[in-house]
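This briefing covers one helix pair and the disulfides of the structure shown below. Please read it with the model open.

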Amino acid sequence: MRKTVLGLVAGVAVALLLAACGSSETVVPEPIIVEVEKVVTVEVLVEREVIREVPVEKEVVRVVEVERVVEVERVVTVEVVKEVEVVAEKVVTVEVEREVEVVTVLEATPTPPPAGTPTFGGTLRVVSQGSISSLDPLFTVFYVTHAVSQHLFETLFGWDGDFQVQPRLVKSWNLSGDNLLYTFTLRDGLTFHNGDAVTAADVVPSINRWLETGCPSGAIVRRFEAEGGLRVVDARTLQWQLNEPVGALVTMLGAPYCTQFVMPEEFAVTPSTEAVEELVGTGAYKFGRWEVGNKVVIERFEEYNRRAEPGDNYVGGSIAYIDRIEFLEIPDEQTKISGLLTGEWDVVDGASFDFYDQLNEDPNYVIGLYKPGNRSHFYLNVTIPPFDDVMVRQAFAAVVDVESFMFALGPQALWISCSAMYWCGTPLEVHDGEEFYDEANVERARQLLVDSTYDGRSWVLLNPTDYATITPLGLVAKPVLEEIGFNVDMPAFDWSTVVSKFGSPESFGAVSAWYSHFEGPGPVEDHLISGTVDWLIRDEEMINLVQEFATSPDANRRMEIVRMLNRQRLEKVPNVMLGQFFPITPATAALKNFGVKPIPWYTNAWLER
């Protein structure tokens, strides 16, 4: 664990008080430091090791074969003689004890921060990707909800800038020798936005609420959890007992999506099928107000107790430099960009690719780009006709020309075709079954549909009208599907209406959408084959493979499972996979230290204007 040591000098104390006040314009009392030194003499014995090594003798044999030379290096003798000589020495060390007293001066002149360094203050205005239907990140697990709520709620672990899992709310943790009992200790001084202390009694129901959702990783853990596995040990300690080792547990607890967001016990006991009544978290920002259909406002949480390490994405010492963040709902894509250009707002989350070249060439703007990115696709409702028949699903997949869909999103520099279900450009990239991907075979698709049980009835394709990175998919799909014999109805719904339909699976056949690398970086997080979403495929063979992946200690076997899953998913078609694209988040150049890993993160960013 990295640590930052802060010296007790006047300048640092002023800086810390400035940070606590949350404004560079606040008058800060000048501290007076009084130091008292005490010298302590200690005698110790030091062992000094003298090591003598005998040089290694080597023999080189040269063998010539045809046109190549093979060198074989053979070690004849290796001898290292080590002598240890212990010498008693009297060593005098000096220890300094500092007694620090801070005296408040009633009037002081604040020192303005130097140019180019973080500054507090300002309002950041962000245009959301789509309409927001809920701010509870487990009741609604969609991106637009997470883009806001990730600033309010924190997790036990989190991703750093390299997507590696690090402690967040956790101070320390350990695992028993049999790999079945996890013990987690929380950091000192954690506080909810309502002023209550964070305890293990809050964390346990927060984890249980996660386990009750359709989150695939939670479903995996639930299968291996011992009865009553989660328990409170004391105010800051909890334990988790498993029946079988799950080596990926801490990784799952660090995911930025569909995970155990910690909230007070009184709200954490709310069933995951209901939205929590109050949005009370532990993050550097707290909930302000929500004008439904217009904007969500979050504000700096002045009492936030940050970690000592430097801020690094979701982990380390998070700082809310910006006073207030407003998430706006602006449905029209041209209006979104026009407002950015005129300074009406500062960020457009998930902007249309059509504006990439224009903004990328303008020094007044920066573009956050997320890779490995998102996967465009179509969810298929397998619980009702026509997609309860695998041949109908295969017909949909067979007609798809991936490039025609992805070109509809924007420039080719922002997307790739990829048959690897666990992402091209990652350690899990495999292409087994790729003969069933990007076929663009109209005749085969027609024949599959003729041979299937499809009777020509109409079915609904849910395609939002207000989502730049989704809307074009339905517009391309409808005529292509009708060409091979489908009867497709595509009503004009905004994204929040589309989401509301998910609770009535009898009302639709497919949904145009995308999912992100952070939602499914590997088999244990794969919601498309986990069987946790009622209207998606439930295939026991694939589910068993996922469970084996989560528990297998053999890396080669895990990769073999990935290859098997890649082929089975392309053959059984739980969804129709399209390309992998890299979403853009254009922002004013005045927004500093801004990152998209994987969701735009405004904690630790500041406005320089």
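**Helix packing and disulfides**

Helix α9 passes helix α11 in a left-handed crossing. The model is predicted. Besides this helix pair, the structure holds two disulfides, one joining C215 to C258 and one joining C418 to C424.

**Packing of α9 and α11**

- Helix α9 spans residues 390–399 and helix α11 spans residues 442–451.
- Their axes come within 8 Å and cross at roughly 165 degrees.
- Angles over 145 degrees count as roughly antiparallel, and α9 and α11 are therefore roughly antiparallel to each other.
- On the α9 side, the contact is made by M391, V392, Q394, A395, A398 and V399.
- On the α11 side, the contributing residues are V442, R444, A445, L448, L449 and D451.
- Sorted by class, the contact of α9 with α11 has nine nonpolar residues, one polar residue and two charged residues.

**Disulfide C215–C258**

- The sulfur atoms of C215 and C258 lie 1.8 Å apart.
- The link of C215 and C258 is left-handed, with -95 degrees about the S-S bond.
- This pair links distant parts of the chain, with C215 and C258 43 residues apart.
- C215 sits in the loop between α3 (200–212) and α4 (216–224).
- C258 sits in the loop between α5 (249–253) and α6 (265–268).
- Buried means under 20% relative accessible area, so C215, at 0%, is buried.
- By the same cut-off, C258 is buried, with a relative accessible area of 8%.

**Disulfide C418–C424**

- The sulfur atoms of C418 and C424 are 2.1 Å apart.
- The torsion about the S-S bond of C418 and C424 is about 100 degrees, so this disulfide is right-handed.
- C418 is buried, its relative accessible area being 1%.
- C424 is buried as well, with a relative accessible area of 14%.

**Pairing order**

- Which pairing results when the bonded cysteines of the protein chain are numbered in sequence order? The pairing is 1-2, 3-4.
- In that order, 1-2 is the pair of C215 and C258, and 3-4 is the pair of C418 and C424.

Definitions and conventions. Residues numbered from 1 in each chain as written. Predicted model: local features only at pLDDT ≥ 70, side-chain atom pairs only at ≥ 80, totals over all residues. Heavy atoms only, no water. Axes fitted to C-alpha atoms, helices over the stretch in contact; angles between N-to-C directions. Helix = DSSP H or I, 4+ residues; strand = E, 2+ residues; numbered from the N terminus. Parallel < 35°, antiparallel > 145°, perpendicular 65-115°, else oblique. Left-handed = near helix turned anticlockwise from the far one by under 90°. Contact = heavy atoms within 4.5 Å. Nonpolar A, V, L, I, M, F, W, Y, C, P; charged D, E, K, R; others polar. Disulfide = S-S within 2.5 Å. Buried < 20%, exposed > 50% of the residue type's maximum accessible area, 1.4 Å probe, protein only.
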